[in-house]
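Reader: Could you walk me through a few spots in this model, with the reasoning spelled out?

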Amino acid sequence: SQTTFVTQAFSYQKPVIQELNPNFGPTAGSTVLSIVGSNFGTSGSVISGSVGSTSCSSISFVEGQTTILSCTLPQGSGKNQTLHLTVEGQATQLDAAFSYQPPEVTSVKPVSAPATGSISVTIFGSHFGTLQESPSFTLGSTQVAATSWVSHSAVVTQSPVGLGAAHNVLAEVAGDIGQLASAFSFSSPVFVRAVGANVPTTGDVAITVSGHHFGVFGANQSASVGGTACLSSSWLSDSSLTCLIEPGMGGQKAIEISVGSQFGGENAVLSYDSPAPASVSASNGPGGSSKNLTVTGSNFGAVDGSPTATVGVSKCLSTAWISDSSVLCTTAPSSSGSASIAVQLEQQSGSLSKAFTFDAPV
C-alpha cells in the first residue's frame, strides 16, 4: 500500500476572545482575570497571554472549563490596554480590554516644606505604578519625579522651590491623574528680628529684617511697617531682606513680611524716633500774655500729625506743624519763671529743659 501526506491541509479555528472580567484592576497586579471565549485548545495546549506588553504572571484553564482562561494580572499602568492571547501559535487580541486603576493620593508627609525646596516628601496613596513607568507628581505648580519608589502605594520625591499654601498634590501615571486637594503648603515667612529698629520720622532709612522662609529671588517678597508698605523691599536671602522705610510717626509698629500670598510678622517691633526739640525762637516773654514761639528740632513728623506743644505745665493755646523740624506754639499766659518745652506726637514726646522764661510783670 502507498501513503501520501498533504502538508498544511487543516487549521483549527483561531482563538476568539469575547470578554474579559474584570476589565480594571490595580497597578500592583495579582488580580485574577477571566478570559471568556472559544477555541482555547485543551489543557495540554501551549497558551500565553499578556495585558498590554506584559505577560500574565500565570495563565491556565478555569477548572472544568474549556472556554474560560484565568490570567493573573501583571504589574502595569495605563488605560485601554490590549489583551493578547496565543494558543498553539495562533494569536488573537481584544482591543481596549483592560484599564489599570488611576493613581489616588491619600496623604503627604510632611505637609509643608521650605520655600527653597529640596527636602524629602513622601506621598501615600495607591496605583502609583512602578519607578520604571516614571510616575510624576506635582507639588504647588511644579512637577517632580519620584526619586525613590517604595511601593504602588508610596513614593519619595524632593520638594521643589515654591510659594503659597493649600496646594493640590497631583499624581500622574501613564497619563492617568489623581489628586488630593489642599494637601501641601510651602512655609509662611517667619520674623525673627529687625536691625535698625528706630528710625527718624522722615524715613528713607533701610533696615534689615531677619527671619525664615523668605523664599528665593524673584518670589515677590515685600515688607510693611505699621501697615504701610516699605518704599522698596529687596530680597537678600531666604533669611533676610531689606526695607526702605516710609516717613511716619509713632512707636511700637508691627513689621509684616509678604512672600507671594503668605504673610508673617511681629507686633511692636519698630518705632519712629521721638520728637526732639532743640531750640526756641525766643528765650523769654511776658508771663501775663501769649507769645508765638517757633520750636525747632527733629522728628516732628514728615507730614502734619497734629503735634502738641507744652510750655511749662500749660499746653500751647495752639500748635501748628510747620515741618519735621519746626512747630509754632502760641503760649498760654503763665506765672513767671523758667519752663521746659515739650513736643508730643502720637504717644511719643521729647522735651527741652529751661528753654523759655516767663518774665515777671513790670
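Author: Here are some questions and answers about two residues and a pocket. This is a predicted model, in which local features need pLDDT of at least 70, side-chain atom pairs count only at pLDDT 80 or more, and totals for chains, interfaces and linings use all residues. Residues are numbered from 1 along each chain as its sequence is written, and side-chain values use heavy atoms, with hydrogens and water left out.

Reader: Is His 167 buried or exposed?

Author: Buried means under 20% relative accessible area, exposed over 50%, and partly exposed in between (1.4 Å probe, protein chains only). His 167 has 19% relative accessibility, so it counts as buried.

Reader: Which residue has its backbone oxygen 2.7 Å from a polar atom of the His 167 side chain?

Author: Happy to help with that one! His 167 touches residues including Gly 140 and Phe 186, not counting residues up to four places away in sequence (contact means heavy atoms within 4.5 Å). The backbone oxygen at 2.7 Å from the side chain belongs to Leu 163.

Reader: How far apart in space are Phe 358 and Gly 288, C-alpha to C-alpha?

Author: Phe 358 counts as buried because its relative accessibility is 4%. Leaving aside neighbours within four places in sequence, Phe 358 is in contact with Gly 287 and Val 311, among others. Phe 358 and Gly 288 are 70 residues apart in sequence, and in space their C-alpha atoms are separated by 8.2 Å.

Reader: How many charged residues are in the lining of the largest pocket?

Author: Tyr 12, Phe 40 and Glu 88 are among the residues that line the largest pocket. The lining divides into 4 nonpolar and 6 polar residues, and the charged ones number 1.

Notes
Polar contact = N/O pair within 3.5 Å; in protein donor to acceptor, adjacent residues only side chain to side chain. 1 Å grid on protein atoms, 1.4 Å probe; cavity = no way out; pocket = protein on both sides within 12 Å on 5 of 7 lines; lining within 4 Å. Nonpolar A, V, L, I, M, F, W, Y, C, P; charged D, E, K, R; others polar.
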